[in-house]
Amino acid sequence: MTASSTSLITSVAFIFAISFQIQTASAAYLDHIFDNGTKRVKRKILWEPAAYEPVPVNKEIELLRKDVLIRSGEFGKLHGSRQLEVELECCELGLTFHQALSIRKQLLIKRAMTNHWKLKEKDSLEEVIRSFETQKKSLADIAVELDLPPVSIFRAIMARRVLERYPKLKAANRKRPAGKILQSIIFEDDEECVGTFLSKWELEELQTAKRHDIVGYVTHSTSPQDWENELYSFLDRHQINYAKEEDLRSMGTRTTPDCLLLDDVTINGKKVRWIEFKSYYASGLNENLWFTKKLLSQSKKYENEFRGEGAVIMKRGFSEKLTSSSTL
């Protein structure tokens, strides 16, 4: 690999495990289509050491102990003094700011999941609604009290209001009966709907909440797609044949990695059948173990489906704790 090629790849984490010999219908179909009795083209890639070496987990633990990543009710992006505070700690520990942001995002998602019961329990929700509607308490203040994303709080309040106005939606017995109307309010893409359900003050509260919430309010980002496109270009330059996720989905495969390699590809001497691209940092903290398990579960499905080992390419790097795993 040339230096220009390696500049596209900041980190690579391979997921290698024992291949399963159970042949699925989709795997057999792909073998028929792409092999067709002919020998696969053999491709070799030498992946030079990544810019990000595996991160010792003690660095993550120390960053967590510094108590700078998260604050009660703080679910937005870091700016100003808060950003500088985290950047200084990262510099001291030898972590990048982007790695810290990935760790923080995973911790915030877990915290939101842990505390979500406060918006499900009837008495608790009634108190939240009373605080917002009657006492005119800001979503930011309620977020600090509940330690929940402000937009998630707003969504729970509005869901009750929508269902009270349209009780037939609840009778439809859908999982999220107020879902479509809620989305149109939160994303402000239906002026009439927004005007029907929100006062001027409530709309201002919603807009403020969206500016300070990266967990309860997720906007479309081009970053993951840009990362995928860079790696597709890398494979194209090496003349490697592959099928993208959308190609696999159109064939009816049960699981769809970002890339199924149609040639016999080895990377640094390891045979790889599929590749998954991830634009975040793979944390080794026990607090983020649920995130790691999700990644492992996803990889196992690919191994079963395509009867082969694969590679997970992490844009922001990964913890050394994952490299010592029997699966990673």
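In strand β6 of this predicted model, G310, V312 and M314 point one way while A311 and I313 point the other, and every one of these residues is buried. The strand, which spans residues 310-314, is thus mostly covered, with five of its five residues buried. It is a convenient place to begin a tour of the strands.

The neighbour of β6 is described next. Strand β5 (residues 270-278) runs parallel to β6, and five bridges join the two. Two of the pairings can be picked out by name: I275 has A311 as its bridge partner in β6, and K278 is partnered there by M314. Both of these partners also appear among the buried residues of β6, A311 on one side and M314 on the other. Strand β5 is itself largely enclosed by the rest of the structure, because seven of its nine residues are buried.

Strand β5 also pairs with β4 (residues 259-267), here in the antiparallel sense and again over five bridges. In this pairing, C259 stands opposite I275. Residue I275 therefore recurs in both descriptions, with C259 opposite it and A311 as its bridge partner in β6, within a β5 strand that is largely enclosed because seven of its nine residues are buried. The hairpin of β4 and β5 has two residues between the strands, and N268 takes a positive phi near 55 degrees there.

Attention now turns to the charged side chains. A search of the whole structure finds 18 salt bridges. One of them joins the side chains of R161 and E202, at 2.9 Å from N to O. Since R161 lies in helix α8 and E202 in helix α12 (residues 200-211), this pair ties together parts that are 41 residues apart in sequence. Both R161 and E202 are buried.

Another salt bridge is formed by D147 and R111, whose closest N and O atoms are 3.0 Å apart. Here D147 sits in the loop between α7 (139-146) and α8 (150-165), and R111 in helix α5 (residues 97-115), so the contact ties together parts that are 36 residues apart in sequence. The two residues fall into separate accessibility classes: D147 counts as buried because its relative accessibility is 12%, whereas R111, at 25%, counts as partly exposed.

Salt bridges also link R71, E74, R82, E85 and R104 in a network. Within this network, the side chains of R82 and E74 meet at 2.9 Å, N to O, and both R82 and E74 are buried. Another member of the network, R104, has a C-alpha 6.9 Å from that of I70, although I70 and R104 are 34 residues apart in sequence. Residue I70 is found in the loop between α3 (57-65) and α4 (80-93). With a relative accessible area of 15%, I70 is buried.

A last feature concerns the surface. Residues D189, D190, E191 and E192 form a negative surface patch. Of these, E191 is found in helix α11 (residues 191-197). Its relative accessibility is 72%, so E191 counts as exposed. The contrast with I70, buried at 15%, is easy to follow when the two are viewed in turn.

Conventions
Residues numbered from 1 in each chain as written. Predicted model: local features only at pLDDT ≥ 70, side-chain atom pairs only at ≥ 80, totals over all residues. Heavy atoms only, no water. Patch = residues over 30% accessible without salt bridge, like charges linked within 9 Å, V, L, I, M, F, W, Y side chains within 5 Å. Areas by Shrake-Rupley, 256 points an atom, 1.4 Å probe, with all protein chains shown as cover. Salt bridge = Lys/Arg side-chain N within 4 Å of Asp/Glu carboxyl O. Lys, Arg positive; Asp, Glu negative; His and termini not counted. Charge placed at Lys NZ, Arg CZ, Asp CG, Glu CD. Helix = DSSP H or I, 4+ residues; strand = E, 2+ residues; numbered from the N terminus. Buried < 20%, exposed > 50% of the residue type's maximum accessible area, 1.4 Å probe, protein only. Pairing = 2+ DSSP bridges.
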